[in-house]
Amino acid sequence: MMDFYFAPMEGLTGYIFRNAHHALFPHDIKKYFSPFIATKQIRSFTTREIRDILPENNVGTPLVPQLLTNQAKDFIRSACEIEQFGYDEINLNLGCPSGTVASKFKGAGFLAKRRELDDFFDEIFSAQLPRISVKTRIGRDEPEEFFALIEIFNRYPIAELIVHPRTQQDYYRNTPNLEMFGQALALSKNPVCYNGDLFSAKDCAIFTAAFPSVGTLMLGRGLLVNPGLVSEIEYHTMLEKSSVTAFHDMIYEGYRRTIHGDRNVLFAMKELWSYLIRLFPDAAKYAKRIKKSERLSDYEDVVADLFREREIVQSELLF
């Protein structure tokens with residue numbers, strides 16, 4: 001059977017979200033990846049970052065913490081701190097396409113500094129650290145950059161290379177470069193996982209038919225819209241509205257317990273609905289009411305109306 005990972009999304013896939021998903025879909029996801037922690041020289045983790053990866057906040061949920069940095073010493077220090085929490089794998093983010101991140105030569109921007117990247121890997125793989133996996137794009141500017149990058153990756157015992165076959169400049173535009181992903185499969189000496197634009201069971205079936213040797217997929221936006229997507233792919237079990245309702249309620253109650261201030265709770269829930277709303281046909285008026293909600297009571301009313309008055313659609317129609 002295929003293994004599935006849940007890609008991180010800043011502001012959405014924190015421990016409240018992960019725990020709710022794992023509770024309702026316990027056999028779907030082999031690994032959840034935390035939103036990236038940006039390491040700095042002058043401090044350790046923030047309270048929010050610590051809270052997100054604390055073992056007691058992730059009981060039973062298989063989590064891999066992710067670090068964002070281009071400084072080996074900062075990576076090593078942070079990885080050692082994370083190891084003390086009992087984690088046996090750390091993920092390096094070489095995939096974030098954000099302009100503010102890439103302009104500092106971090107995330108996918110680090111891919112433009114190949115000599116520095118090689119030195120970085122040499123230092124962190126020489127340290128006594130947990131397993132290190134890497135989430136990467138295929139280059140900063142051009143897909144052909146990947147041929148030089150894979151030579152660097154192959155020099156080190158990377159636990160897993162998670163490849164999103166777009167460049168940083170692509171951001172999320174265009175389509176994933178499957179030809180270059182095929183090169184990654186052919187050339188990599190390390191295990192390879194695929195990530196990119198798998199939004200439905202049909203998408204996954206088409207991909208696996210083209211790349212039958214790939215045993216691991218990382219899903220992101222598809223799972224944010226349809227939290228039961230893996231069950232649909234693997235077991236042909238269609239998502240039910242009762243599961244969406246329970247998923248929403250667990251996250252909402254979790255946010256109300258842990259987020260200070262009703263406005264902040266509302267902001268977090270509106271972020272969630274920017275994806276979940278696609279499950280429901282003809283839901284523009286509900287989306288507008290959710291967006292305009294200024295009190296929790298208003299928000300609760302519109303969500304209750306939505307769940308009562310609308311049914312969900314099939315995943316192939318969501319994107």
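The following exercises, with worked solutions, concern a predicted model.

**Exercise 1. The strand order of the sheet**

Determine in which order the strands of the open sheet are arranged, and which strands form its edges.

*Solution.*
Step 1. The open sheet has 10 strands, and their order is β3-β5-β6-β7-β8-β9-β10-β1-β2-β4, with parallel pairing.
Step 2. The edge strands are β3 (37-38) and β4 (63-64), each of which pairs on one side only.
Step 3. Helix α1 (residues 15-24) packs on this sheet and touches β1 (3-6), β2 (31-33) and β4. The direction of α1 makes about 165° with that of β2.

**Exercise 2. Strand β6 and its surroundings**

Establish how strand β6 is joined to β5, and whether the residues of β6 are buried or exposed.

*Solution.*
Step 1. Strands β5 (residues 66-68) and β6 (residues 89-94) run parallel and are joined by 2 bridges.
Step 2. Across this pairing, L67 stands opposite L92 in β6.
Step 3. From β6, the residues E89, N91 and N93 point one way, while I90, L92 and L94 point the other way. Both groups are buried.
Step 4. Since 6 of the 6 residues of β6 are buried, the strand is largely enclosed by the rest of the structure.

**Exercise 3. The two sides of helix α8**

Identify which residues of α8 are buried and where they lie around the axis.

*Solution.*
Step 1. In helix α8 (residues 201-210), the residues A201, C204 and F207 are buried.
Step 2. These residues cover an arc of only 125° around the axis, and therefore lie on the same side of α8.
Step 3. An α-helix has 3.6 residues a turn, so residues three or four places apart point the same way.
Step 4. The face of α8 turned away from the buried side carries K202, I206, A209 and A210, which are exposed.
Step 5. The packing partners of the buried residues of α8 are α7 (178-187), β9 (192-195), β10 (216-219) and α10 (229-235).

**Exercise 4. Cysteines without disulfides**

Explain why neither C96 nor C193 is bonded to its closest cysteine.

*Solution.*
Step 1. The structure holds 0 disulfides.
Step 2. A disulfide would need two cysteine sulfur atoms within 2.5 Å.
Step 3. The closest cysteine sulfur to that of C96 belongs to C193 and is 18 Å away, which is too far for a bond.
Step 4. For C193, the closest cysteine sulfur is in C204, at 11 Å, again too far for a bond.
Step 5. C96 is buried, with a relative accessible area of 13%. C193 is likewise buried, at 0% relative accessibility.

**Exercise 5. The nonpolar cores**

State which residues touch the most other members of the largest nonpolar core, and which helix contributes its largest share.

*Solution.*
Step 1. The largest nonpolar core has 92 residues, of which F75, F121, I124, F153, L217, L219 and W273 touch the most other members.
Step 2. Helix α12 (residues 262-276) supplies the largest share of this core, 8 residues.
Step 3. Leaving aside residues up to four places away in sequence, I124 touches A72, F75, I76, L129 and I132.
Step 4. A second, separate core has 7 residues, among them A7, V64, I162 and C193.

**Exercise 6. A residue in a loop**

Describe where H27 is found and whether H27 is buried or exposed.

*Solution.*
Step 1. H27 lies in the loop between α1 and β2.
Step 2. Its relative accessibility is 67%, and exposed means over 50%, so H27 counts as exposed.
Step 3. H27 and F4 are separated by 23 residues in sequence and by 10.0 Å in space, C-alpha to C-alpha.

Definitions and conventions: Residues are numbered from 1 along each chain as its sequence is written. This is a predicted model: local features need pLDDT of at least 70, side-chain atom pairs count only at pLDDT 80 or more; totals for chains, interfaces and linings use all residues. Side-chain values use heavy atoms; hydrogens and water are left out. Buried means under 20% relative accessible area, exposed over 50%, partly exposed in between (1.4 Å probe, protein chains only). Helices (H or I, at least four residues) and strands (E, at least two) are DSSP runs, numbered from the N terminus. The arc is that of the directions from the helix axis to the C-beta atoms. Contact means heavy atoms within 4.5 Å. Two strands pair if DSSP finds at least two bridges between them. Axes are lines fitted to C-alpha atoms, for helices over the stretch in contact, and angles run from 0 to 180 degrees between N-to-C directions. A nonpolar core is a set of buried Ala, Val, Leu, Ile, Met, Phe, Trp, Tyr and Cys residues joined through side-chain atoms within 4.5 Å.
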